[in-house]
Amino acid sequence: MTSSVLGIVIPAGCILFFLLGVFLQSNWNWYSKALIIALTSAVLIFCYFSLIDILGKPTPFRTDNEDWVLVHAMVEEPGLRSSSPGEIYLWVLPSANNDKVPRALRFPYTRKLHDTVREATSRQPRGSGVG
């Protein structure tokens, strides 16, 4: 099982246990019920962050000195459609790995990175690398 699946199964089991305990043992004192509510809230927050991997939301870039193959890029320039500071989204594959599932990455917008992404996408059909 992957960590994402365990991140759903374990919290769901904990929530079920806590809710059954609260409703079946209604003679618990107020402090025990408050503790269970706090623990359930913490488990739900943990579950949300575990679901980010499954939902495919882009993650902030972590430099791990790997070479990447660009699959697709999208640039959201700052202030064009909203008051957002702008972001750059990349879908990449690790070149050293045989994994065929693209990884979604999110970068804060900079003009230099925008120019690099534009250059990479123009070279992409030819298969040439970008340094």
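Biologist: Buried means under 20% relative accessible area, exposed over 50%, and partly exposed anything in between. With this predicted model in front of us, does Ser 50 count as buried or exposed?

Modeller: Happy to start there! Ser 50 sits in helix H2, which covers residues 30–55. Its relative accessibility is 10%, and the limit for burial is under 20%. Ser 50 therefore counts as buried.

Biologist: What distance separates the C-alpha atoms of Ser 50 and Ile 8?

Modeller: Along the chain, these two residues are 42 positions apart. In space, the separation of their C-alpha atoms is 7.0 Å.

Biologist: Staying in H2, is Phe 49 buried or exposed?

Modeller: Phe 49 is found in helix H2 too. Together with Ile 45 and Tyr 48, Phe 49 forms a nonpolar surface patch with about 340 Å² of accessible area. The relative accessible area of Phe 49 is 53%, and the bar is over 50%, so Phe 49 is exposed.

Biologist: Let's step back to the whole chain. In what order do its elements run from the N terminus?

Modeller: The secondary structure comes to 3 helices and 4 strands. Read from the N terminus on, the order is α-α-β-β-β-β-α.

Biologist: Which element has the highest confidence?

Modeller: Over the chain, the mean pLDDT is 76, and 73% of the residues reach 70 or more. Strand E1 (residues 59–60) is lowest, at a mean of 64. Where pLDDT is low, predicted coordinates should not be read in detail. At the other end, with a mean of 88, is H3.

Biologist: Good to know. Which element gives the most to the largest nonpolar core?

Modeller: That core has 8 residues in all, among them Ala 73, Leu 90, Phe 107 and Val 117. Two elements give two or more residues to this core: strand E4 (103–108) and strand E3 (87–94). The top contributor, with 3 residues, is E3.

Biologist: Is His 114 buried or exposed?

Modeller: His 114 lies in helix H3, residues 111–123. Leaving out residues up to four places away in sequence, His 114 touches Val 75, Glu 77, Ile 88 and Tyr 109. The last two of these, Ile 88 and Tyr 109, belong to the largest nonpolar core. With a relative accessible area of 6%, against a limit of under 20%, His 114 is buried.

Biologist: Now for charges. Which residues are joined into one network by salt bridges that share partners?

Modeller: Side chains of opposite charge can pair when their charged atoms come close. Asp 115 meets Arg 111 at 3.8 Å, N to O, and also meets Arg 118 at 3.5 Å. Arg 118 and Asp 115 are about one helical turn apart because they are 3 residues apart in helix H3. The network thus consists of Arg 111, Asp 115 and Arg 118.

Biologist: And how far apart are the closest N and O atoms of Glu 119 and Arg 123?

Modeller: Glu 119 and Arg 123 are 4 residues apart in helix H3, so about one helical turn separates them. Both are partly exposed: Glu 119 has a relative accessible area of 34%, and Arg 123 has 27%. A salt bridge needs N and O within 4 Å, and here the closest pair is at 3.1 Å.

Notes. Residues are numbered from 1 along each chain as its sequence is written. This is a predicted model: local features need pLDDT of at least 70, side-chain atom pairs count only at pLDDT 80 or more; totals for chains, interfaces and linings use all residues. Side-chain values use heavy atoms; hydrogens and water are left out. A nonpolar core is a set of buried Ala, Val, Leu, Ile, Met, Phe, Trp, Tyr and Cys residues joined through side-chain atoms within 4.5 Å. Buried means under 20% relative accessible area, exposed over 50%, partly exposed in between (1.4 Å probe, protein chains only). Patches are made of residues with over 30% relative accessible area and no salt bridge: like charges are joined within 9 Å, nonpolar side chains (Val, Leu, Ile, Met, Phe, Trp, Tyr) within 5 Å. Accessible areas come from the Shrake-Rupley method with a 1.4 Å probe; for residues, only the protein chains shown count as cover. A salt bridge is a side-chain nitrogen of Lys or Arg within 4 Å of a carboxyl oxygen of Asp or Glu. Contact means heavy atoms within 4.5 Å. pLDDT is the predictor's confidence in each residue, from 0 to 100.
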